[in-house]
Amino acid sequence: MVPASASEKGRVHAVVVPYPAQGHINPCMQFAKWLASQGFTITFVNTDHNHARILASQSHHSSVWEAEGLDIRFASIPDGLPDHHDRMVDFAILSKAIDTHMPAHFEALVAGLCSSDASRPTCIVSDLFMNFTQDVANKFGLPRVAVWCQSAASFAIHVHMPTISSQGYLPVTDDSKLDPITSIPGHPPLLPKDLPSFFQDADFSNYMYNFKLRPFQRLQEAKSILINTFDDLERDVLKALKDDKINIFAAGPFLPPALLSKEDSRDNRTGTGLWPEDQECITWLENQKESSVLFISFGSIASLSDIQFKELVLGLEASQKPILWAIRPNLKDSIESVLPKSFLESDHVYLTSWVPQALILSHKNVGGFLTHGGWNSTLESLSFGVPTIVWPYFADQMLNRKWIVEEWKTGKGFQAAHSGLIARDEVERMIRLLMEGKEGHEMRQRARKLSQAARNAVQEDGSSYVNVKNTLRALLSS
Ligand code: UDP
């Protein structure tokens, strides 16, 4: 699907392409909305599959943006997988499909846009992992800004992965080398088990290993790389990357400005959820006491075994805290069959499937967040000053737990989900520590300090604001 003419009035026109997963679509859309607020025309390119899901789930967003004067158009291209295929089960299948099918379709889309002066793009703004967008940018002589949707720490690990592997740290097994990795400039010592999971085996022919590292061999081709973080959060790692001559800038947090500035009047929805959002949960939240609610969400991919799910529920019940829990349809299909009636019917408990997460985390009645530790969830909780219990599953979540627990000290962590069962007593103990104790109070104070730093970063003349403005100035003058 190609949008109608996309650049009347001589506006600057960016074609924005996220990696096709929720944790990439959301930050890319937030950044796109910010660009649109600065006068850009945006063509936002999803896969056909995700585009159809977003349209089915988010009936309202386009009209709201139009009302705000944001010129955002949608385009979509096939990823080559059958529609019923669950794309989040095996990333190697999705990534192979991206490499095989998307380049030609994207090239055709950009060729179509370039065929008229009215729709010709000025630049491509795309997820670093969407490697083929660089080829298309080169072919049409368009500058590209790459967007990195994880932490700067994770970026630095990707840069230094060949060294880490040559030092004999892989594969990571129970008997593998236990001394920490100290060769990542600006990064504190890192245990191999906290490396992103795609790198933990030593199979260099592994599709994901190569898919993840390929873009790092051509970083200099992008005009610049913008990271969804902010300077005060990851100063040393960012500095070391710059010292390494990487053209990288902290540009986040990519979150609704209305939420960061605590204004209610403007649109504060991401508008790109792959599931319909429950808005009623906000009414329930309004009726709770300040900082009393534990919000639980495991993001868009992680899943729990039945036995772990039960143990978690018993721990939650024992903690007696008000609970708001987003149980995605593919996290647990039939909650009625596994949840005790007392829990299902409790006034203290609000169970739903998908929520406006950033809006919830920004609410004063949320006192803690039990999260899988995805980067967006991590950044959202820090940006709104909410302390966390991190329960990592895969990808960069173990790394994010390390930073939350050891560096920012804004939360506590469970062991990684694959390392064994977390018993109900442990769940209860951790929740009480977070929501009641002195330690929890101190973690909340530290999170609130970082929240202020996040808000400062995106304000006019804040560090992220200036970084993005400078990037755009250099881009548009090239
Ligand atoms: N999210 C949401 N509603 C939910 C659960 C998650 O809007 O009920 C959003 C959340 O705010 C975040 C994204 O989905 O922006 C999940 O990204 P993250 O990096 O935290 O985890 P992933 O899904 O990639 O594992």
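1. A residue counts as near a molecule or strand if its C-beta atom, placed from the backbone, lies within 6 Å of it. By that criterion 19 residues surround the ligand, and Gly23, Gly299, Ser300, Gln357 and Gly374 come nearest.

2. The model is predicted: local features need pLDDT of at least 70, side-chain atom pairs count only at pLDDT 80 or more, and totals for chains, interfaces and linings use all residues. Residue numbers start from 1 along each chain as its sequence is written.

3. The domain assignment gives domain 1 (4–154 + 197–256 + 461–477) and domain 2 (278–355 + 364–455), with bounds from an automatic or database domain assignment. Their C-alpha centres lie 29 Å apart. In the interface, 20 residues of domain 1 are in contact with 18 residues of domain 2, contact being defined as C-beta atoms, placed from the backbone, within 7 Å. On the side of domain 1 that touches domain 2, helix 1 and helix 6 (152–166) are the elements giving two or more residues; helix 1 has the largest share, four residues. Helices (H or I, at least four residues) and strands (E, at least two) are DSSP runs, numbered from the N terminus. This side of domain 1 comprises ten nonpolar, nine polar and one charged residue. Here Ala, Val, Leu, Ile, Met, Phe, Trp, Tyr, Cys and Pro count as nonpolar, Asp, Glu, Lys and Arg as charged, and the others, Gly among them, as polar.

4. The shell around the ligand draws at least three residues from each of domain 1 and domain 2. Helix 1 (22–37), helix 14 (357–361) and helix 15 each supply at least two of its residues, and the largest share, four residues, comes from helix 15. Seven residues of the shell are nonpolar, eleven polar and one charged.

5. One open sheet has seven strands in the order 3-2-1-4-5-6-7 with parallel pairing; two strands pair if DSSP finds at least two bridges between them. Strand 3 (71–77) and strand 7 (248–250) are its edge strands, each pairing on one side only. The twist from one strand to the next averages 25°; axes are lines fitted to C-alpha atoms, for helices over the stretch in contact, and angles run from 0 to 180 degrees between N-to-C directions. Four bridges pair strand 1 (residues 13–17) with strand 4 (residues 123–127) in the parallel sense, and valine 15 has isoleucine 124 of strand 4 as its bridge partner. Helix 4 (residues 91–114) lies across strand 1, strand 2 (41–47) and strand 3, at about 140° to strand 3.

6. Another open sheet contains six strands, ordered 10-9-8-11-12-13, and its pairing is parallel. Strand 10 (349–352) and strand 13 (411–413) each have a single partner strand, so one side of each lacks a neighbour in the sheet. Here the average twist from one strand to the next is 15°. Strand 9 (residues 323–326) runs parallel to strand 10 and is joined to strand 10 by four bridges; isoleucine 323 stands opposite valine 349. Helix 16 (residues 397–408) packs on this sheet, touching strand 12 (388–390) and strand 13, and its direction makes about 135° with that of strand 13.

7. The axes of helix 15 (residues 375–383) and helix 18 (residues 438–458) come within 7 Å and cross at roughly 95°. The two helices are therefore roughly perpendicular to each other, the class for angles of 65 to 115 degrees (under 35 is roughly parallel, over 145 roughly antiparallel, and the rest oblique). Ser381, Leu382 and Ser383 in helix 15 meet Ala447, Leu450, Ser451 and Ala454 in helix 18. Four residues of this contact are nonpolar, three polar and none charged.

Terms used:
Two residues are in contact if their C-beta atoms, placed from the backbone, lie within 7 Å.
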